[in-house]
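Trainee: I would like to learn how to read a structure that is new to me. Could we take it feature by feature?

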Amino acid sequence: MKNLLGGLRAGVTFAVAIPYTAVAALAVVTITLVRPTSSGLDRVARAWGRMWCWAAGVKLVVEGLEHIDSNSSYVIVSNHQSAFDIFAHFAALPVPIRFLAKAELFKIPLFGLAMRRIGMVEVDRGAGRAAHQAINEGARRTMDRGWSLMIYPEGTRPRDGVMLPFKKGAFSIARNVRAPVLPTAIVGSRAVWKPKTKLIRSGQVTVKIMPPISTDGLMIYELEGLKNRVHAMVAEQVGPALLVQEARS
């Protein structure tokens with residue numbers, strides 16, 4: 001019965017949200033032809049995230065908004081449970097955000113063009129050292145435009161839902177661009193859309209925002225400690241809720 005409901009919910013979600021994605025991508029491309037850094041881009045992105053939540057029957061709960069200064073730029077980090085995390089973060093965060101995105105996504109017709117025009121930072125994992133340089137340059141452009149950069153430092157979605165160790169890259173980027181790290185935790189998205197399945201189930205997704213951490217004066221040898229500190233902060237928020245989520249799924 002759960003699979004049947006999940007299949008029906010997926011059908012409704014994709015029937016509504018995929019055409020909306022195409023319209024949103026076209027809107028982004030059109031806006032950037034007139035004004036490449038228009039605030040309208042972020043309204044489109046936020047509406048896109050909210051549309052996916054609405055179509056999937058997701059109740060989005062956001063905690064800790066008081067920790068965000070809308071006039072500041074951050075390197076935002078989070079655990080990564082599901083492809084749905086992207087929609088939830090766009091919908092939840094009241095600052096303009098850009099993501100690190102794998103190179104394959106930029107090859108999707110129209111959508112890839114929109115990603116490039118809106119300023120997503122392309123990650124080519126096969127490019128070695130050149131990839132690190134391109135990411136750092138993209139991150140600096142993002143910050144120079146007053147945007148925040150969203151990174152999932154686990155590097156991938158864990159198949160069993162248990163948080164993976166964080167990689168150091170996100171924290172190195174924050175140090176290089178002198179931006180504060182904004183830890184966030186997402187709970188519930190895996191129950192909505194598990195990796196390796198097309199089934200979608202309605203439910204609640206919670207985004208928890210924690211106080212930002214300054215990187216001013218941070219030394220290279222301190223990156224490991226910062227990475228571990230943020231991982232512990234996020235894990236503390238995710239851990240108990242994940243057990244409940246697994247029991248319900």
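**The cavity and what surrounds it**

Mentor: We can begin inside: the largest cavity has a volume of about 40 Å³. Keep in mind that this is a predicted model.

Trainee: How is empty space inside a protein found?

Mentor: The general idea is that a probe the size of a water molecule is rolled over the atoms, which shows where empty space is left. In this structure the count comes to one cavity of 30 Å³ or more.

Trainee: Which residues line the largest cavity?

Mentor: The lining of the largest cavity consists of Asp 42, Ala 45, Arg 46, Phe 90, Leu 93, Val 95, Pro 96 and Ile 97.

Trainee: Which helix gives the most to the lining of the largest cavity?

Mentor: Helix 2 does, with three residues.

Trainee: How many residues of that lining are nonpolar, polar or charged?

Mentor: Six are nonpolar and two are charged, while none is polar.

Trainee: Phe 90 was named in the lining. In which helix is Phe 90 found, and is Phe 90 buried or exposed?

Mentor: Phe 90 is in helix 3 and is buried. The others buried in helix 3 are Phe 84, Asp 85, Phe 87, Ala 88, His 89, Ala 91 and Ala 92. Helix 3 covers residues 84-92, and because eight of its nine residues are buried, it is largely enclosed by the rest of the structure.

**Salt bridges**

Trainee: How do I read a salt bridge?

Mentor: Look for a side-chain nitrogen of Lys or Arg within 4 Å of a carboxyl oxygen of Asp or Glu. By this rule the count here comes to four salt bridges.

Trainee: With which residue does Arg 98 form a salt bridge?

Mentor: The partner of Arg 98 is Asp 42, and their closest N and O atoms are 2.8 Å apart. This pair links distant parts of the chain, with Arg 98 in strand 3 (residues 97-102) and Asp 42 in helix 2 (residues 40-55), 56 residues apart. Asp 42 is also one of the residues that line the largest cavity.

Trainee: Is Arg 98 buried or exposed?

Mentor: Buried means under 20% relative accessible area. Arg 98 has a relative accessible area of 0%, so Arg 98 is buried. Asp 42 has 10% relative accessibility and therefore counts as buried.

Trainee: Which residues are linked in a network of salt bridges?

Mentor: The network links Lys 168, Glu 224 and Lys 227. Take the pair of Lys 168 and Glu 224: this salt bridge has its closest N and O atoms 3.5 Å apart. It links distant parts of the chain, since Lys 168 is in the loop between strand 5 (148-151) and helix 6 (169-177), and Glu 224 is in helix 8 (residues 223-248), 56 residues apart. Glu 224 also meets Lys 227 in a salt bridge, at 2.9 Å from N to O.

Trainee: Why are Glu 224 and Lys 227 separated by about one helical turn?

Mentor: Because Glu 224 and Lys 227 are three residues apart in helix 8, about one helical turn separates them.

Trainee: How is the network placed with respect to the surface?

Mentor: Lys 168 is partly exposed, at a relative accessible area of 38%. Glu 224 counts as partly exposed at 34% relative accessibility. Lys 227, with a relative accessible area of 12%, is buried.

**The surface**

Trainee: Which residues form a nonpolar patch on the surface?

Mentor: Leu 26, Leu 110 and Leu 113 form it, and together they have about 240 Å² of accessible area. Leu 113 is in helix 4 (residues 111-118). At 38% relative accessibility, Leu 113 counts as partly exposed.

**Sequence and space**

Trainee: How do I compare distance along the chain with distance in space?

Mentor: Take two residues, and set their separation in sequence beside the C-alpha to C-alpha distance. Ser 214 and Pro 180 are 34 residues apart in sequence, and 4.4 Å apart in space, C-alpha to C-alpha. Ser 214 is in the loop between strand 7 (203-209) and helix 8, and is partly exposed, with a relative accessible area of 48%.

Trainee: How far apart in space are Arg 175 and Ile 213?

Mentor: Their C-alpha atoms are 11 Å apart, with their positions 38 residues apart in sequence counted as a separation. Arg 175 lies in helix 6 and counts as partly exposed, at 26% relative accessibility.

Definitions and conventions: Residues numbered from 1 in each chain as written. Predicted model: local features only at pLDDT ≥ 70, side-chain atom pairs only at ≥ 80, totals over all residues. Heavy atoms only, no water. Helix = DSSP H or I, 4+ residues; strand = E, 2+ residues; numbered from the N terminus. Buried < 20%, exposed > 50% of the residue type's maximum accessible area, 1.4 Å probe, protein only. Patch = residues over 30% accessible without salt bridge, like charges linked within 9 Å, V, L, I, M, F, W, Y side chains within 5 Å. Areas by Shrake-Rupley, 256 points an atom, 1.4 Å probe, with all protein chains shown as cover. 1 Å grid on protein atoms, 1.4 Å probe; cavity = no way out; pocket = protein on both sides within 12 Å on 5 of 7 lines; lining within 4 Å. Points joined across faces, edges and corners; volume = space filled by probe spheres on them. Nonpolar A, V, L, I, M, F, W, Y, C, P; charged D, E, K, R; others polar.
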